[in-house]
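Me: Hello! I am new to this structure and would love a friendly tour. Could you show it to me, please?

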Amino acid sequence: MKILITGGAGFIGSAVVRRAIADGHEVVNLDVLTYSANLENVAGVANDPRYAFEQADICDQARVREIFAKHRPDAVMHLAAESHVDRSLEGPIDFVRTNIMGTAVLLEAARDYWMALPEPQKSAFRFHHVSTDEVFGALGEDGEFTEETPYDPTSPYAASKAGADHLVRAWGRTFGLPVVLTNCSNNYGPFQFPEKLIPTVITRALEGKSIPVYGDGRQVRDWLHVDDHAEALLLVIGKGALGETYCIGGDSSRRNIEVVRMICAELDKVAPANTPHAEKITFVTDRPAHDFRYAIDASKLERELGWSPRVALPEGLEQTVRWYVENRDWIEGIRERGFHSERLGLVKAS
Ligand code: NAD
């Protein structure tokens, strides 16, 4: 397949780009390169003849249409987004613009392109929206999200992704655009921008700084290794049933404080300076309206497409910690651009 991947210079998008090229697909990476993008994430495939890069904003109708016409993709995998909840508390309009308007622009360009396709390309075309489990809101101590869970987003980030999901389904139902959707739990792994929990903890600990844990650290997240997510996404875009949604999860639920302690224990083994790292754990003011728990029931994806996660959390964290320890230049590059993993999003909830 020739896949137009949006957001392919970001954390998950770049994992999909690398995996798609390794699997023999052609890739067009459409990315505007915001603060969280990094072309180093795709440096390993940049010279592959099956890879092309287009620096473009998904909100720019003319550019997006031009890219469809130039590359003539067989499918679109849409990951470009503003992705950090804390940022969405400080600047929600950017999230509405990119995640909602950008998705609408992309859908319209995809629709016009798809309508003019000859068969059999027209029937085979797919528009895959990569979304989050945060659209479902928060769980209490029990239960899991499924494809039938009603939407109840909390943060502007989650609401903007929910809006994008609704648009994608509407384009499927109203215009017949062949869409598929996935809602995934929290990802971790190499190349994740150090504003999300796991890379923030690792990079700040390596720098001997305090390790912030929001509130009492009792919130629960279901962690999925990014390579497992990339594999699931390529499976869904290739074999997912038309119009269907698939929940993707890691079956690895942990309280945030447990994850932070696991990382500290790994760091003690491979980065002897500043041990024991857990001494630097500092409980800080909680995120406003912090969702208590997310958990995913991914049994539909397992039953219908045979996918289940391969990387267990302890092993994945060990590999991720080692990657950050061995790739300090990657972190340095980000620090030189002025990002120091400082706290964002401390706004009053009422
Ligand atoms: P990221 O912030 O690392 O990457 C986002 C990418 O999108 C960046 O390369 C950025 O330059 C690009 N982008 C942003 N605005 C753009 C625009 N207007 N035009 C073109 N490109 C633009 O995010 P991520 O963690 O890799 O997340 C990727 C996708 O997966 C998002 O849609 C996110 O909602 C979804 N998702 C993320 C997680 C997670 O745990 N990180 C979980 C489930 C779903």
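Reply: Happy to! Let us begin with a term: a polar contact is a pair of N or O atoms within 3.5 Å; within protein, one must be able to donate a hydrogen and the other to accept it, and residues adjacent in sequence count only if both atoms are side-chain atoms. This is a predicted model, in which local features need pLDDT of at least 70 and side-chain atom pairs count only at pLDDT 80 or more, while totals for chains, interfaces and linings use all residues. Residues are numbered from 1 along each chain as its sequence is written, and side-chain values use heavy atoms, with hydrogens and water left out.

Me: How far is an oxygen atom of the ligand from a polar backbone atom of Asn-187?
Reply: Here the protein partner is a polar backbone atom of Asn-187, and the ligand partner is an oxygen atom. The distance between these two is 2.9 Å.

Me: How much of the ligand does the protein bury?
Reply: Accessible areas come from the Shrake-Rupley method with a 1.4 Å probe; for residues, only the protein chains shown count as cover. Taken alone, the ligand exposes 840 Å². Of that area, the protein buries 97%.

Me: Which polar side-chain atom lies 2.7 Å from an oxygen atom of the ligand?
Reply: Ile-58 uses its backbone, with an N or O atom 3.0 Å from a nitrogen atom of the ligand. The side-chain atom at 2.7 Å from a ligand oxygen belongs to Ser-36.

Me: How many residues surround the ligand?
Reply: A residue is near a molecule or strand if one of its heavy atoms lies within 4 Å of it. The closest are Asp-31, Ser-36, Ser-83, Tyr-157 and Lys-161. By class, the shell has 14 nonpolar, eleven polar and four charged residues (Ala, Val, Leu, Ile, Met, Phe, Trp, Tyr, Cys and Pro count as nonpolar, Asp, Glu, Lys and Arg as charged, and the others, Gly among them, as polar). The number of residues surrounding the ligand is 29.

Me: Which element gives the largest share of the shell around the ligand?
Reply: Helices (H or I, at least four residues) and strands (E, at least two) are DSSP runs, numbered from the N terminus. Those giving two or more residues to the shell are helix 1 (11–22), strand 5 (126–132), helix 6 (156–175) and strand 7 (186–188). The largest share, three residues, comes from strand 5.

Me: How far apart are the end C-alpha atoms of helix 1?
Reply: The expected span of a helix is 1.5 Å times one less than its number of residues. For the twelve residues of helix 1 that gives 16 Å. The model agrees with this, as the end C-alpha atoms are apart by 17 Å.

Me: Which residues of helix 1 are buried?
Reply: Buried means under 20% relative accessible area, exposed over 50%, partly exposed in between (1.4 Å probe, protein chains only). Cover for the buried residues of helix 1 comes from elements including strand 1 (2–6), strand 2 (26–31) and helix 8 (226–239). The buried residues are Phe-11, Gly-13, Ser-14, Ala-15, Val-16, Val-17, Ala-20 and Ile-21.

Me: Is Asp-23 buried or partly exposed?
Reply: Asp-23 sits in the loop between helix 1 and strand 2. Its C-alpha atom is 9.3 Å from that of Leu-234, although the two are 211 residues apart along the chain. With a relative accessible area of 43%, Asp-23 is partly exposed.

Me: Why is helix 8 largely enclosed by the rest of the structure?
Reply: Among the buried residues of helix 8 are Val-226, His-229, Leu-233 and Ile-237. Helix 8 is largely enclosed because, of its 14 residues, the number buried is ten.

Me: What is the relative accessibility of Val-135?
Reply: Val-135 lies in the loop between strand 5 and helix 6. Contact means heavy atoms within 4.5 Å, and the residues that Val-135 touches include Tyr-151, Lys-161 and Asn-183. Val-135 counts as buried, because its relative accessibility is 0%.

Me: Which residue does a cis peptide bond join to Thr-275?
Reply: Most residues other than glycine have a negative phi, and most peptide bonds are trans. Another cis bond runs from Glu-119 to Pro-120, with omega near 5°. At Thr-275, omega is about -10°, and the residue joined is Pro-276.

Key:
Lists of a residue's contacts leave out its neighbours within four places in sequence.
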